[in-house]
Amino acid sequence: MLSICAIRTIRAIRTVRTIGPFVPLALFAGATCIGTSALWVKVSEAGPVSTAFWRVFLALPFLAVWAKLEERGGPARSNFKAPMLWAGVLFAGDLIFWHLSILKTTIANATFLSTTAPVWV
């Protein structure tokens with residue numbers, strides 16, 4: 001009799017076969033980038049706030065191309081602009097405080113507290 005873990009593993013392998021080999025590779029690359037980002041902040045010669053700014057600013061061209069590719073053809077809802085603005089401001093604050101904490105404590109401690117913030121809030 002197969003265990004539940006073995007059944008889930010078999011289903012995952014079948015899913016990978018249907019979605020193609022690129023998705024697990026992209027998942028691994030994304031996890032590697034996110035996992036090493038705190039190291040790059042620690043060794044950066046720029047300050048924590050400017051590092052957070054450049055980290056987001058350099059992603060804008062890629063996000064603009066992605067948004068253009070995903071364009072749905074309709075105008076943006078006017079009632080959606082304020083929540084988007086607040087989300088951006090709060091995300092910027094999160095990045096700034098995380099980068100400050102990386103410099104004030106260990107990388108592991110800062111990253112652990114940052115990723116478990118939803119549990120404590």
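Which helix holds phenylalanine 57? I looked it up, and phenylalanine 57 sits in helix α3.

**Entry 1: ground rules.** I noted that this is a predicted model, where local features need pLDDT of at least 70, side-chain atom pairs count only at pLDDT 80 or more, and totals for chains, interfaces and linings use all residues. Residues are numbered from 1 along each chain as its sequence is written, and side-chain values use heavy atoms, with hydrogens and water left out.

**Entry 2: the overall picture.** I found seven helices and zero strands in the protein chain. Helices (H or I, at least four residues) and strands (E, at least two) are DSSP runs, numbered from the N terminus. I then checked burial: 11% of the 121 residues count as buried. Buried means under 20% relative accessible area, exposed over 50%, and partly exposed in between (1.4 Å probe, protein chains only). Next came contacts, meaning heavy atoms within 4.5 Å. Among those between residues at least 6 apart in sequence, 70% join residues at least 24 apart.

**Entry 3: the surface.** I read off about 10,300 Å² exposed by the protein chain, with carbon and sulfur atoms supplying 75% of it. Such areas come from the Shrake-Rupley method with a 1.4 Å probe; for residues, only the protein chains shown count as cover. Back to phenylalanine 57: it counts as partly exposed because its relative accessibility is 41%. Phe57 also belongs to a nonpolar surface patch of about 770 Å², together with Phe53, Trp54, Leu58, Leu60, Leu63 and Trp66. The elements giving two or more residues to this patch are α3 (48–57) and α4 (60–69). Patch residues have over 30% relative accessible area and no salt bridge (a side-chain nitrogen of Lys or Arg within 4 Å of a carboxyl oxygen of Asp or Glu). Like charges are joined within 9 Å, and nonpolar side chains (Val, Leu, Ile, Met, Phe, Trp, Tyr) within 5 Å.

**Entry 4: helix α5.** Is histidine 99 buried or exposed? Histidine 99 is buried, because its relative accessible area is 0%. I located histidine 99 in helix α5. Leaving out residues up to four places away in sequence, I listed what histidine 99 touches: Val41, Pro48, Thr51, Ala52 and Arg55. Serine 101 has its place in α5 too, but serine 101 is partly exposed, with a relative accessible area of 22%. How far apart are the C-alpha atoms of serine 101 and leucine 113? I noted 9.4 Å between them, for residues 12 apart along the chain.
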